[in-house]
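Biologist: I would like to go through this model with you slowly, one question at a time. Please show me the sequence and the structure before we begin.

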Amino acid sequence: MTIDLGYTIPAGKSVLDHLGRSPSFAAKAKLAVIIAKTIQELGLSQRQVQQRTGIPQARISEICRGKLKDISRERLENCLQQLGHDVVITVTIGRLDGVGELRVEQFDRALGTA
């Protein structure tokens with residue numbers, strides 16, 4: 001069953017970008033989604049993730065459930081690194097008017113795609 005809400009997310013955008021939350025929250029949420037997906041793809045238990053990252057199992061569970069209130073973006077980035085991902089921070093020079101953007105983009109090295 002499909003429900004038409006009369007609203008379409010633009011191509012290349014995430015529903016997280018349209019929830020009315022801060023860009024910082026959306027970035028953390030996207031990192032958490034990648035962490036949860038990586039854990040599943042690697043077939044790791046949360047205890048194994050704890051051993052790799054030093055993040056307590058209970059906190060790993062919270063991250064995978066999107067409970068991100070008391071965890072920093074830096075800690076999520078470090079977790080991704082410990083799980084084998086490169087985390088690249090790019091600052092785009094040139095925008096001198098208004099406020100710049102904060103976004104998380106995923107790049108699949110094997111496919112060469114974002």
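Biologist: Is Cys64 buried, exposed or partly exposed in this model?

Modeller: This is a predicted model, in which local features need pLDDT of at least 70 and side-chain atom pairs count only at pLDDT 80 or more, while totals for chains, interfaces and linings use all residues. Residues are numbered from 1 along each chain as its sequence is written, and side-chain values use heavy atoms, with hydrogens and water left out. A residue is called buried under 20% relative accessible area, exposed over 50% and partly exposed in between, with a 1.4 Å probe and protein chains only. Cys64 has a relative accessible area of 31%, so the word for Cys64 is partly exposed.

Biologist: How many disulfides does the structure have?

Modeller: A disulfide is a pair of cysteine sulfur atoms within 2.5 Å. By this rule the count of disulfides is zero. For Cys64, the nearest cysteine sulfur belongs to Cys79, and the distance to that sulfur is 8.1 Å.

Biologist: Which residues of helix α4 are buried?

Modeller: Helices here are DSSP runs of H or I with at least four residues, strands are runs of E with at least two, and both are numbered from the N terminus. Cys79 has 1% relative accessibility and therefore counts as buried. In α4, which spans residues 73-82, the buried residues are Leu76, Glu77, Cys79 and Leu80.

Biologist: Why are these residues said to lie on the same side of α4?

Modeller: The arc is taken from the directions that run from the helix axis to the C-beta atoms. The buried residues of α4 are placed on the same side because they cover an arc of only 155° around the axis.

Biologist: Which helices do the buried residues of α4 pack against?

Modeller: Contact means heavy atoms within 4.5 Å. The buried residues of α4 pack against α1 (23-42), α2 (46-53) and α3 (57-64).

Biologist: Which helix gives the largest share of the largest nonpolar core?

Modeller: A nonpolar core is a set of buried Ala, Val, Leu, Ile, Met, Phe, Trp, Tyr and Cys residues joined through side-chain atoms within 4.5 Å. The largest one has 17 residues, and Ile35, Val49 and Leu76 are among those with the most contacts inside it. While α1, α3 and α4 each supply at least two residues of this core, the largest share, six residues, comes from α1.

Biologist: Which pair forms a salt bridge in helix α3, and how far apart are its closest N and O atoms?

Modeller: A salt bridge is a side-chain nitrogen of Lys or Arg within 4 Å of a carboxyl oxygen of Asp or Glu, and the structure holds three salt bridges. Glu62 and Arg59 are three residues apart in helix α3, so about one helical turn separates them. The salt bridge of Glu62 with Arg59 has its closest N and O atoms 3.6 Å apart.

Biologist: Which residue forms a salt bridge with Glu77?

Modeller: Glu77 counts as buried because its relative accessibility is 18%. The closest N and O atoms of this salt bridge are 3.6 Å apart, and the partner of Glu77 is Arg73.

Biologist: What is the average pLDDT of the protein?

Modeller: The pLDDT is the predictor's confidence in each residue, from 0 to 100. In this protein 77% of the residues score at least 70, and the average pLDDT is 82.
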